[in-house]
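Reader: Hi! I'm in my first year and still learning how to look at a protein model. Could you take one part and walk me through it slowly?

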Amino acid sequence: MNKGLSVFMNVMLSECCSNFARLFLRVFIGILMLSHGIAKIENFDLMVDTFSDPLGMGHAISLTLILLAEVGCSILLIVGLMTRLAVLPLIFGMVIATFFTYPVITLSNIELPMLYLGIYITILMLGPGKCSIDYLLKRAYSVKLIEEKQAAKTSREVKEEIINEAAEPEN
């Protein structure tokens, strides 16, 4: 039994499992928030006049901004594109929803926005992981930089050879 537990712990603590956990968290929370945004889009006309406006920008602007965050940033979060940047508007939206939307703050009022807030902060700290477009872009950019450095090094070596040949006296 000890060997089985050891194998289980090695798998659970592996980098692969960590990356799949990040993928799961991003996709799971992204789909949940996307459903909130889609519901707001479907009921935009009914909500526009009564939507909370804690920052004083106007009901329509507040609703539009939260729609952009809930839909646009959730899609970015699901695919793992600009992940850390995409969670910032979602974090801001959840802070507003948690602390500035309700006239009386009770645990029953703020429980859901606090849960979202905690998950978004976790994603901000963890990053997207290897199962993301961010990772693929970073890897492609790193390969390109390495190739450019090698090309620059080769170019510099060729220039040095030409200079050395020019400096050698002819016999």
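Author: Let's take helix 4 and follow its contacts outward to the other parts. Keep in mind that this is a predicted model.

Helix 4 covers residues 59–79. A handy place to begin is Ser74, which sits in this helix. Is Ser74 buried or exposed? Its relative accessibility is 0%, so Ser74 counts as buried. What does Ser74 touch, if we skip its neighbours within four places in sequence? The list is Gly30, Met33, Leu34, Ala69 and Leu90.

Let's pick Leu90 from that list and look from its side. Leaving out residues up to four places away in sequence, Leu90 touches Met33, Ala69, Glu70, Cys73, Ser74, Leu77 and Tyr120. Notice that Met33 and Ala69 are also contacts of Ser74.

Now zoom out a bit. Leu90 is one of the residues that touch the most other members of the largest nonpolar core, along with Ile29, Leu77 and Tyr120. That core has 15 residues. Helix 2, helix 4, helix 5 (83–99) and helix 6 each give two or more residues to this core. Apart from it there's another core, of five residues, including Val48, Phe51, Leu63 and Ile66. If you wonder about the background, nonpolar side chains tend to be buried together in soluble globular proteins.

Tyr120 deserves a short detour. It is stacked with Tyr116 as an aromatic pair, with 6.1 Å from centre to centre and 25° between the planes. Both tyrosines belong to helix 6 (residues 107–126), where they're four residues apart, about one turn of the helix. Tyr116 and Tyr120 are both buried.

How many aromatic pairs are there? The count is two. The other stacked pair is Phe24 with Phe28, at 5.4 Å centre to centre and 15° between the planes. These two are separated by about one helical turn, because they're four residues apart in helix 2 (residues 15–42). Here the surroundings are another story: Phe24 has a relative accessible area of 54%, so it is exposed, while Phe28, at 40% relative accessibility, counts as partly exposed.

Back to helix 4, and to Glu70, which you met as a contact of Leu90. Which side chain meets Glu70 in a salt bridge? That's Lys40, with 3.1 Å from N to O. The two come from distant parts of the chain, since Lys40 is in helix 2 and Glu70 in helix 4, 30 residues apart. Both partners are tucked away: Lys40 counts as buried because its relative accessibility is 14%, and Glu70 is buried too, because its relative accessible area is 4%. It's also the one salt bridge that the structure holds. As a general point, side chains of opposite charge can pair when their charged atoms come close.

Last, helix 4 has something on the surface as well. Leu55, Met57, Ile61, Leu65, Leu68 and Phe92 form a nonpolar patch there, with about 570 Å² of accessible area together. Helix 4 gives the most to this patch, with three residues. Take Leu65, which lies in helix 4: its relative accessibility is 42%, so it counts as partly exposed.

So to put the helix together: Ser74 is buried at 0%, Glu70 pairs with Lys40, and Leu65 is part of the nonpolar patch on the surface. Try finding those three in the model, then trace the contacts of each.

Key. Residues numbered from 1 in each chain as written. Predicted model: local features only at pLDDT ≥ 70, side-chain atom pairs only at ≥ 80, totals over all residues. Heavy atoms only, no water. Buried < 20%, exposed > 50% of the residue type's maximum accessible area, 1.4 Å probe, protein only. Contact = heavy atoms within 4.5 Å. Phe/Tyr/Trp six-rings, centres within 6.5 Å; stacked < 30°, edge-to-face > 60°. Patch = residues over 30% accessible without salt bridge, like charges linked within 9 Å, V, L, I, M, F, W, Y side chains within 5 Å. Areas by Shrake-Rupley, 256 points an atom, 1.4 Å probe, with all protein chains shown as cover. Salt bridge = Lys/Arg side-chain N within 4 Å of Asp/Glu carboxyl O. Core = buried A, V, L, I, M, F, W, Y, C linked by side-chain atoms within 4.5 Å.
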